[in-house]
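Please open the structure in a viewer and keep the selection tool at hand. The tour below proceeds from the whole chain to a pair of helices and then to two single residues.

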Amino acid sequence: MEDKLQNSISTKQLYREFDWYKNTFPTLVQESCDEFFDKNFRLELIGLSKNINCMLDNESCFVTKIKIDNEYDMFFRLTDKAINIILSKILGQTKHKFNINKISELESKVITSFNDFMFEHIKTIINQPDPTQIKRSNFDTVHLTFIIKEVEEYNHSAGKFIITLPQVLVNAQEIQPAGNAFTEVNFPNSETYASVFVGKTKFSLYDIKNLEAEDVVVFDDSDLKSVRLSINGENMDVNINPNMDLLIPDIDNGGDEMGETHGNIWDSIEVEMSAEFDTVKISLGELKDIENGLVVDLASLYDNNVTLKVEGKPIASGSLVIVNDRYGVKINNVIAQGEGGASRPAATAENAASEDVEDFASQDEQEQFSSEEPSQEGESDEEFDYSDFELEDENI
């Protein structure tokens, strides 16, 4: 019994027939509406369903049943919003809110006449019933759901207009596939795009402001044998073979200054920093292997750029490294904060030479320079935008 019911409401056939319904009924319905209401309304087909009208969600409707013969009927349904739109335009606005349960005889006559007029146009494209084929108790019906609204762009109100007719009375044509169908042979080599997350760690605002090229950020929750893959919002852990060529000597992760408590409460606030690869391509075959728990070789990841983000905003970029048993990022470029800021690249030999020259300046010149220009640390304070972060009670 369940198989028969599932068969009856299956939409597979409608998928193949939808193009025919879309090319046949909307034009006919719009022309009928224009002829009856003088081009005051626009109708758009938004849904096609079989037996169950999934587009009608407990909405009050005005229903007109029209007999095709002794076995078959056609139904026209207009929701209360659709009727209100039609009557307000045709008969004028009223002081009272429209109530479909208190529809007047004149209003009912307008709607019924419209449905009768629509039927006369639609019956020209349906077949003559064959009473020997099927009985009233078990024929399938097709529901065509339209949105109806006024043609004026400023009026955004819309209602639903549903036409229900016996499926056996229409000769719907199915779309024939052009070319070879997609097979399982094509599956493994097909590709999609994915985001790859290395890990995350906690950083104070002071440490973030003072990040420089050549610094290394280690991610405490990272795992050398696993990264997280995100595809269309779905996340999964990927088992990978770590590339030990990325191993660098143990570091102090920024020295004694990083992570210390500062007198400025803003500088002491900790935020979460994450590391994310540039978007990569991955084959569906690899995804299938991932779901089966197999180790996947994503060697191409190691050559890609890694971006450090705070609150989803990029603050620096660099290359992947391995420190002991954790992944880290060696910073190549710091993205400046604030308006008009520029990225801070790694220091060059020329920059280093100019810094050495400045060291020979007299004490008076240094004091004068300090009084006229803000220090490098001061510039960083101005460029960093505190407004991106909120101070919560737990941080105080």
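Begin with the entire chain selected: of its 396 residues, 36% count as buried in this predicted model. The accessible surface of the chain comes to about 24500 Å², and carbon and sulfur atoms account for 46% of that surface. Switch next to a cartoon display, in which 10 helices and 16 strands can be traced. Among the contacts with a separation of 6 or more, 72% join residues 24 or more positions apart.

Now select residues 12–37, helix α2, together with residues 105–122, helix α4. Two packed helices are described by the angle between their axes and the distance between the axes. Here the axes come within 10 Å and cross at roughly 135°, which means that α2 is oblique to α4. The crossing of α2 past α4 is right-handed.

Show the side chains of this contact. From α2, the participants include Phe25, Leu28, Val29 and Phe36; from α4, they include Val110, Phe114, Phe117 and Met118. What kinds of residue make up the contact of α2 with α4? There are 11 nonpolar residues, three polar ones and one charged one.

Proceed to asparagine 51, in the loop between β1 (41–50) and β2 (61–67). Its phi is near 70°, a positive value in a residue other than glycine. Asparagine 51 is partly exposed, with a relative accessible area of 24%.

Finally, select glutamate 214, in the loop between α5 (205–209) and β7 (216–218). Glutamate 214 also has a positive phi, near 85°, and is partly exposed, at a relative accessible area of 45%.

Methods
Residues are numbered from 1 along each chain as its sequence is written. This is a predicted model: local features need pLDDT of at least 70, side-chain atom pairs count only at pLDDT 80 or more; totals for chains, interfaces and linings use all residues. Side-chain values use heavy atoms; hydrogens and water are left out. Helices (H or I, at least four residues) and strands (E, at least two) are DSSP runs, numbered from the N terminus. Buried means under 20% relative accessible area, exposed over 50%, partly exposed in between (1.4 Å probe, protein chains only). Contact means heavy atoms within 4.5 Å. Accessible areas come from the Shrake-Rupley method with a 1.4 Å probe; for residues, only the protein chains shown count as cover. Axes are lines fitted to C-alpha atoms, for helices over the stretch in contact, and angles run from 0 to 180 degrees between N-to-C directions. Angles under 35 degrees count as roughly parallel, over 145 as roughly antiparallel, 65 to 115 as roughly perpendicular and the rest as oblique. A crossing is left-handed if the near helix is turned anticlockwise from the far one by less than a right angle, and right-handed if clockwise. Ala, Val, Leu, Ile, Met, Phe, Trp, Tyr, Cys and Pro count as nonpolar, Asp, Glu, Lys and Arg as charged, and the others, Gly among them, as polar.
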